[in-house]
Amino acid sequence: MKIVVFGSGAIGSLFGALLAKHNTVVLVGRAPHVTSIRQKGLLINGKTRLTRMVPAVESTKEISFSPDLILLTVKSYDTETASSQLHPLLHDQTMVVSLQNGLDNIQKIGKNIEKKHILAGVTTHGALFLKPGIITHTGKGKTILGELNGHSSKRLKTLVTVFNQAGIETQMSTDIEREIWRKAIINSSINPLTGFLGCKNGYLLENPLLEKTAEFVCTESSLIVSSYGIRVSPGEMIEKTKEVIQDTAQNYSSMLQSIQQGKKTEIDSINGVLLRIGAKQKIDTSFNRILIELIISLYPT
Ligand SMILES: NC(=O)c1ccc[n+]([C@@H]2O[C@H](COP(=O)([O-])OP(=O)(O)OC[C@H]3O[C@@H](n4cnc5c(N)ncnc54)[C@H](OP(=O)(O)O)[C@@H]3O)[C@@H](O)[C@H]2O)c1
């Protein structure tokens, strides 16, 4: 399969390196990372250890083929700009797959790309951008891919096979949008709490007050999502959130990493979207509102 990974930072580079084993992969990223990959190859350390010589470019203009798959792995605040650059690469069958966190990526991609091209995914892999040319695979996880209309299409089955052949454990979902909502509920507590406190994920369960706060946020977010017609239960989401906290206890959340690097966060695509839906549905949004304000106090948007 011919693959372009657009937004080759932490997770994009990891997936690109793994997919490049059996596929033609080109990474699109920023100058220092791209330059280092061109000179020394892409090094993955941590849970996966490999060095891959893989083509890397700074602009889609440098790509001479039309890919079967474009993996979109920019942060959610870059989705609209990124997807506006993809059009010249598309052929009729090209799949554009978002592996991003956040609740507004599909809508943003849809402003620039016809819906028939778009699929979605979620992944629980953890990746850290250590320095240009080097990515740390911080946690092995699972990946779920799905068609927006829920169909178990031939192209989806092919995609899942390609991912699994690359060593990326992947399942198919007939309700990928629900998976995205569920991941956002989990992220709505872990990310801003750890981002503001500057702690590892595991600390949220070490401190009873923080554990209770995470439960309150999770309940509020679940009620907002339920009111929107998505089947989720607060009890199950609290359990799932605690499971993720335990599994990633030693990790720093992506929101904390962004704050530490002085970068923008994905708060608006997660808690921001939940807040706006809650307000429309007349559901209490106090916890999400407080978390947004705390994060904005660290990085004004
Ligand atoms: N990292 C993880 O463990 C993980 C796990 C699951 C899901 N996710 C999700 O995956 C998405 C990406 O996360 P990440 O941690 O991989 O972020 P990241 O390390 O910031 O990677 C995104 C990369 O895309 C680059 N980029 C943005 N616009 C570009 C453009 N127009 N042309 C070329 N490069 C561009 C960014 O450069 P600049 O920063 O210089 O703009 C950055 O290097 C997020 O939605 C995140 O929540 C991440």
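**Exercise 1. How many Å apart do the C-alpha centres of domain 1 and domain 2 lie?**

Solution. Note that this is a predicted model. Start with the division of the chain: domain 1 spans 2–174 and domain 2 spans 178–298. Next, take the C-alpha centre of each domain. The two centres lie 25 Å apart. Then turn to the contact between them. Domain 1 contributes 15 residues to it, and domain 2 contributes 16 residues.

**Exercise 2. Describe the largest nonpolar core and say where its residues come from.**

Solution. Begin with the count: the largest nonpolar core has 49 residues. Phe6, Ile63 and Ile70 have the most contacts inside it. Now list its sources. At least two residues of this core come from each of several elements, including strand 1 (2–6), strand 2 (24–28), strand 6 (69–72) and strand 8 (118–123). Helices on that list include helix 6 (176–197), helix 8 (208–227), helix 9 (234–247) and helix 11 (267–281). Helix 6 gives the most, with eight residues. Finally, check the domains. Domain 1 and domain 2 each supply at least three residues to this core.

**Exercise 3. Which residues are in contact with phenylalanine 6, leaving aside its neighbours within four places in sequence?**

Solution. Set those sequence neighbours aside. The contacts of phenylalanine 6 then include Val28, Thr60, Ala82, Gln85 and Leu86. Also in contact with phenylalanine 6 are Ile70, Leu71, Leu72, Thr73 and Val74. Ile70 is also among the residues with the most contacts inside the largest core.

**Exercise 4. Work out the surroundings of the ligand, from its shell to its polar contacts.**

Solution. First, the shell. There are 22 residues around the ligand, and those that come nearest are Ala10, Ile11, Asn101, Ala127 and Glu266. Second, the polar contacts, for which the cut-off is 3.5 Å.

- Arginine 30 places a polar side-chain atom 3.1 Å from a ligand oxygen.
- Asparagine 101 has a side-chain N or O atom 2.9 Å from an oxygen atom of the ligand.
- Alanine 127 uses a backbone N or O atom, 2.8 Å from a ligand oxygen.

Third, the area. The ligand taken alone exposes 880 Å², and the protein buries 86% of that. Last, the elements. Helix 1 (10–19) and strand 9 (126–131) are those that give two or more residues to the shell.

**Exercise 5. Why is helix 1 largely enclosed by the rest of the structure?**

Solution. Apply the cut-off: buried means under 20% relative accessible area. Go through the helix. Its buried residues include Ala10, Ile11, Gly12, Ser13 and Leu14. Phe15, Gly16, Ala17, Leu18 and Leu19 are buried too. Now conclude. Helix 1 is largely enclosed because 10 of its 10 residues are buried.

Definitions and conventions:
Residues numbered from 1 in each chain as written. Predicted model: local features only at pLDDT ≥ 70, side-chain atom pairs only at ≥ 80, totals over all residues. Heavy atoms only, no water. Core = buried A, V, L, I, M, F, W, Y, C linked by side-chain atoms within 4.5 Å. Buried < 20%, exposed > 50% of the residue type's maximum accessible area, 1.4 Å probe, protein only. Helix = DSSP H or I, 4+ residues; strand = E, 2+ residues; numbered from the N terminus. Domains from an automatic or database assignment. Contact = heavy atoms within 4.5 Å. Near = heavy atom within 4 Å. Polar contact = N/O pair within 3.5 Å; in protein donor to acceptor, adjacent residues only side chain to side chain. Areas by Shrake-Rupley, 256 points an atom, 1.4 Å probe, with all protein chains shown as cover.
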